[in-house]
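Visitor: Could you take me through one part of this model in detail? I'd like to start from a single residue and follow its surroundings inward, with the cut-offs spelled out as you go.

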Amino acid sequence: MRSYIGTHEVQTDDDFVELALGTDPELWLGVDGETAEERAARLDAARDILADDPELITHVAVVTIGAVEEFAHRQLATARRGRTAVAR
């Protein structure tokens, strides 16, 4: 099944987020392995975008909360799979 938002075909979860926010989710969530200089530049860009559209912060907060929840869920699932059953 294909999903579309307007005329844009959505192929990944990131596509949904990007189309909803109008920006790449990595701008708000960061990327693994970014340097301190890259992080500072990313955050400066994010601040500029929020200064132009202060209402966007609500949408960004929702995306960030969802990302944190998904990360925590995966971490807990991994931890549970790593446990061994204890005989009683």
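Guide: Let's start with alanine 61, which counts as partly exposed because its relative accessibility is 34%; that label covers the range between buried, under 20% relative accessible area, and exposed, over 50%, using a 1.4 Å probe and protein chains only. This is a predicted model, so local features need pLDDT of at least 70 and side-chain atom pairs count only at pLDDT 80 or more, while totals for chains, interfaces and linings use all residues. Residues are numbered from 1 along each chain as its sequence is written, and side-chain values use heavy atoms, with hydrogens and water left out.

Alanine 61 sits in helix α4, where a helix is a DSSP run of H or I with at least four residues, numbered from the N terminus. With 27 residues, α4 reaches 39 Å from its first C-alpha to its last, close to the 39 Å expected at 1.5 Å a residue; that expected span is 1.5 Å times one less than the number of residues. To get a feel for distances along α4, take valine 60 and arginine 74: they are 14 residues apart along the chain, and 21 Å separates their C-alpha atoms.

Now for the inward side. Leu56, Val60 and Val63 are the buried residues to look for in α4. An α-helix has 3.6 residues a turn, so residues three or four places apart point the same way. What covers the buried residues of α4 includes α1 (13–21), α2 and α3. Take valine 60: its relative accessible area is 7%, so it counts as buried. Outside its neighbours within four places in sequence, valine 60 is in contact with Leu21 and Trp28, contact meaning heavy atoms within 4.5 Å.

That brings us to tryptophan 28. Between it and our starting point, alanine 61, there are 9.2 Å from C-alpha to C-alpha, with the two residues 33 apart in sequence. Apart from neighbours within four places, tryptophan 28 has contacts with Leu21, Thr23, Arg42, Ala46, Ile49, Leu50, Leu56 and Val60.

Some of those names turn up again in the largest nonpolar core, which has seven residues: Leu21, Leu27, Trp28, Ala46, Leu56, Val60 and Val63. A nonpolar core here is a set of buried Ala, Val, Leu, Ile, Met, Phe, Trp, Tyr and Cys residues joined through side-chain atoms within 4.5 Å. Both α2 (25–29) and α4 (56–82) supply at least two residues of this core, and α4 gives the most, with three.

There are polar partners here too. Threonine 23, in the loop between α1 and α2, is buried, since its relative accessibility is 13%. The side chains of threonine 23 and tryptophan 28 are joined by a polar contact of 2.6 Å, a term for N or O atoms within 3.5 Å, where within protein one must be able to donate a hydrogen and the other to accept it, and residues adjacent in sequence count only if both atoms are side-chain atoms. Beyond its neighbours within four places, threonine 23 touches Val17, Glu18, Trp28 and Ile49.

Arginine 42 is the other one to click on. It belongs to helix α3 (residues 36–52) and is buried, because its relative accessible area is 13%. A polar atom of the arginine 42 side chain lies 3.0 Å from the backbone oxygen of leucine 27. Neighbours within four places aside, arginine 42 contacts Glu26, Leu27, Trp28, Leu29, Gly30 and Glu34.
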